[in-house]
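Biologist: I should like to learn how to read pockets and backbone geometry in a structural model. Please take me through the features in turn.

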Amino acid sequence: MIALQSVTSESHLREAFGCFPSGVTAVCALVDGVPRGMAASSFTSVSLSPPLVSICIQRTSSTWPLLRDRPRLGLSVLAEGQDDACLRLSARGDRFRDVDWEPGPDDSVFISGSSAWLECAPHAELPAGDHVIALLEIYRLHTAGTPPLVFHGSRFRRLAAG
């Protein structure tokens with residue numbers, strides 16, 4: 001039998017969460033003509049009809065309040081090799097310095113060179129502990145066929161060629 005342990009700390013829990021690999025997305029829009037956005041590794045497909053995805057955002061985020069009321073958001077599935085863009089979009093300060101991006105419809109913003117782009121609109125928001133779960137409805141999309149950026153064990157990884 002597996003000897004399960006009680007959750008003793010946030011770092012202990014973070015270690016367990018890090019055992020599950022995830023892709024990394026960027027959620028972005030123009031706000032008063034300036035690109036604003038953030039990286040989100042907790043991205044999940046939710047529904048085909050209507051087409052919905054979800055992201056989880058810390059309640060303390062100063063970026064989400066700027067994005068949540070935009071008519072459209074650009075959600076970019078970051079590609080292998082976009083480690084620096086991910087780190088930049090996770091940092092404080094000018095997140096778009098040295099990050100190539102493209103404007104989309106209705107002030108959405110997309111990160112150039114990504115694996116996929118989803119033009120979304122906020123659909124619903126649900127409280128979830130120290131985060132909120134944002135449901136986004138997809139209106140248009142494009143896939144590039146490039147391998148995604150993978151985050152696992154607090155490091156960026158590459159998919160093995162099969």
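**Backbone and pocket**

Modeller: Let us begin with the loop between E4 and E5, which contains Pro 50. Please bear in mind that this is a predicted model.

Biologist: Is the peptide bond from Ser 49 to Pro 50 cis or trans?

Modeller: In general, most peptide bonds are trans. Here, the bond that joins Ser 49 to Pro 50 is cis, its omega being near 0°.

Biologist: How should I read the sign of phi, and what is phi of Asp 106?

Modeller: Most residues other than glycine have a negative phi. Asp 106 has a positive phi, near 50°. Asp 107, also not a glycine, has a positive phi of about 70°.

Biologist: Where does Asp 106 lie, and where is Asp 107 found?

Modeller: Asp 106 lies in the loop between strand E7 (101-103) and strand E8 (109-111), and Asp 107 is found in the loop between E7 and E8 as well. Partly exposed means a relative accessible area between 20% and 50%. Asp 106 is therefore partly exposed at 47%, and Asp 107, at 34%, is also partly exposed.

Biologist: How much space lies in the largest pocket, and which residues are the closest to its centre?

Modeller: The largest pocket holds about 1500 Å³ of space. It is lined by 37 residues, and the closest to its centre are Arg 14, Ser 41, Ser 42, Gln 58 and His 131.

Biologist: Which element gives the most to the lining of the largest pocket, and what is the lining by class?

Modeller: H1 gives the most, with five residues. Among the other elements that each supply at least two are strand E3 (34-40) and helix H3 (83-90). By class, the lining has 16 polar, 15 nonpolar and six charged residues.

Technical notes. Residues are numbered from 1 along each chain as its sequence is written. This is a predicted model: local features need pLDDT of at least 70, side-chain atom pairs count only at pLDDT 80 or more; totals for chains, interfaces and linings use all residues. Side-chain values use heavy atoms; hydrogens and water are left out. On a 1 Å grid over the protein atoms alone, a cavity is a set of points where a 1.4 Å probe fits but cannot get out, and a pocket is an open set with protein on both sides within 12 Å along at least five of seven lines; lining residues have an atom within 4 Å of a point. Grid points are joined across faces, edges and corners, and a volume is the space filled by probe spheres set on the points. Helices (H or I, at least four residues) and strands (E, at least two) are DSSP runs, numbered from the N terminus. Ala, Val, Leu, Ile, Met, Phe, Trp, Tyr, Cys and Pro count as nonpolar, Asp, Glu, Lys and Arg as charged, and the others, Gly among them, as polar. Buried means under 20% relative accessible area, exposed over 50%, partly exposed in between (1.4 Å probe, protein chains only).
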